Amino acid sequence: MRKQTIQYTSPLDALVAVAKRLSLYEKQQKIDSEEFFNQYNQGLLSDDALFIEWANDYRNYLVLHQELAQRLNYAA
């Protein structure tokens with residue numbers, strides 16, 4: 001599988017894009033991302049390519065969310 005690199009103009013744009021992908025995974029698999037990630041980290045799910053991508057997207061989401069929260073706290 002060939003990977004693409006996408007660059008966003010802001011962390012907010014990146015967060016929105018990742019959140020949209022997470023929403024698609026959740027609808028497809030019928031489980032929310034937080035619960036999926038907990039199960040995945042506990043080794044309860046396979047290392048299927050879809051799950052690896054979903055876990056990576058969720059990790060990116062957490063990092064971006066934290067970064068934006070910190071920026072907003074500094075701006076307040």
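Helices and strands are here DSSP runs numbered from the N terminus, with at least four residues for a helix and at least two for a strand.

**Figure 1. Overview of the chain in the predicted model.** By that assignment, the chain has 3 helices and 0 strands, and its elements, read from the N terminus, follow the order α-α-α. Helix α1 covers residues 11-29, helix α2 covers residues 33-41, and helix α3 covers residues 49-75. Taken along the principal axes, the C-alpha atoms fill a box of roughly 40 × 30 × 20 Å. The chain counts 76 residues, of which 24% are buried, and it exposes about 5,900 Å², with carbon and sulfur atoms supplying 51% of that area. Among contacts between residues at least 6 apart in sequence, 50% join residues at least 24 apart. There are 8 positive and 10 negative side chains, and the centres of these two sets are 8 Å apart.

**Figure 2. Close-up of the aromatic pair formed by Phe 36 and Phe 51.** A search of the whole structure finds 6 aromatic pairs. In the pair shown here, the rings of Phe 36 and Phe 51 are tilted, with 5.6 Å from centre to centre and 45° between the planes. This pair links distant parts of the chain, since Phe 36 belongs to helix α2 and Phe 51 to helix α3, 15 residues apart. Phe 36 has a relative accessible area of 1% and Phe 51 one of 15%; both residues count as buried because each value is under 20%. In a wider view, ring pairs join Tyr 25, Phe 36, Tyr 40, Phe 51 and Trp 54 into a cluster.

**Figure 3. Close-up of Phe 37 in helix α2.** With a relative accessible area of 11%, Phe 37 is buried. Leaving out residues up to four places away in sequence, Phe 37 touches Ala 55, Tyr 58 and Arg 59. The C-alpha atom of Phe 37 is separated by 9.0 Å from that of Phe 51, a residue 14 places away along the chain.

**Figure 4. Close-up of Ser 33 in helix α2 and its polar contact with Trp 54.** The relative accessible area of Ser 33 is 2%, so this residue counts as buried. Its side chain makes a polar contact of 3.0 Å with the side chain of Trp 54, a residue that also takes part in the cluster of ring pairs. When neighbours within four places in sequence are set aside, Ser 33 is in contact with Leu 22, Glu 26, Trp 54 and Tyr 58.

**Figure 5. Close-up of Asp 57 in helix α3 and its polar contact with Arg 21.** Asp 57 is a buried residue, with a relative accessible area of 8%. The side chain of Asp 57 makes a polar contact with the side chain of Arg 21 at 3.0 Å. Apart from residues up to four places away in sequence, Asp 57 touches Val 18, Arg 21, Leu 22 and Tyr 25; of these, Leu 22 is also in contact with Ser 33, and Tyr 25 is part of the cluster of ring pairs.

**Figure 6. Close-up of Lys 30 in the loop between α1 and α2.** Lys 30 has a positive phi of about 60°, although it is not a glycine. At 73% relative accessibility, Lys 30 counts as exposed, because this value is over 50%.

**Figure 7. Close-up of two partly exposed residues, Ser 23 and Glu 67.** Ser 23 has its place in helix α1 and, with a relative accessibility of 26%, counts as partly exposed. Between the C-alpha atoms of Ser 23 and Ile 6, which are 17 residues apart in sequence, the distance in space is 19 Å. Glu 67 lies in helix α3 and counts as partly exposed at 27% relative accessibility. The C-alpha atoms of Glu 67 and Leu 15 are 10 Å apart in space, whereas the two residues are 52 residues apart in sequence.

Definitions and conventions
Residues are numbered from 1 along each chain as its sequence is written. This is a predicted model: local features need pLDDT of at least 70, side-chain atom pairs count only at pLDDT 80 or more; totals for chains, interfaces and linings use all residues. Side-chain values use heavy atoms; hydrogens and water are left out. Buried means under 20% relative accessible area, exposed over 50%, partly exposed in between (1.4 Å probe, protein chains only). Contact means heavy atoms within 4.5 Å. A polar contact is a pair of N or O atoms within 3.5 Å; within protein, one must be able to donate a hydrogen and the other to accept it, and residues adjacent in sequence count only if both atoms are side-chain atoms. Rings of Phe, Tyr and Trp (its six-membered ring) pair if their centres lie within 6.5 Å; planes under 30 degrees apart count as stacked, over 60 as edge-to-face and the rest as tilted. Accessible areas come from the Shrake-Rupley method with a 1.4 Å probe; for residues, only the protein chains shown count as cover. Lys and Arg count as positive and Asp and Glu as negative; His and the chain ends are not counted. The place of a charge is taken as NZ of Lys, CZ of Arg, CG of Asp or CD of Glu.
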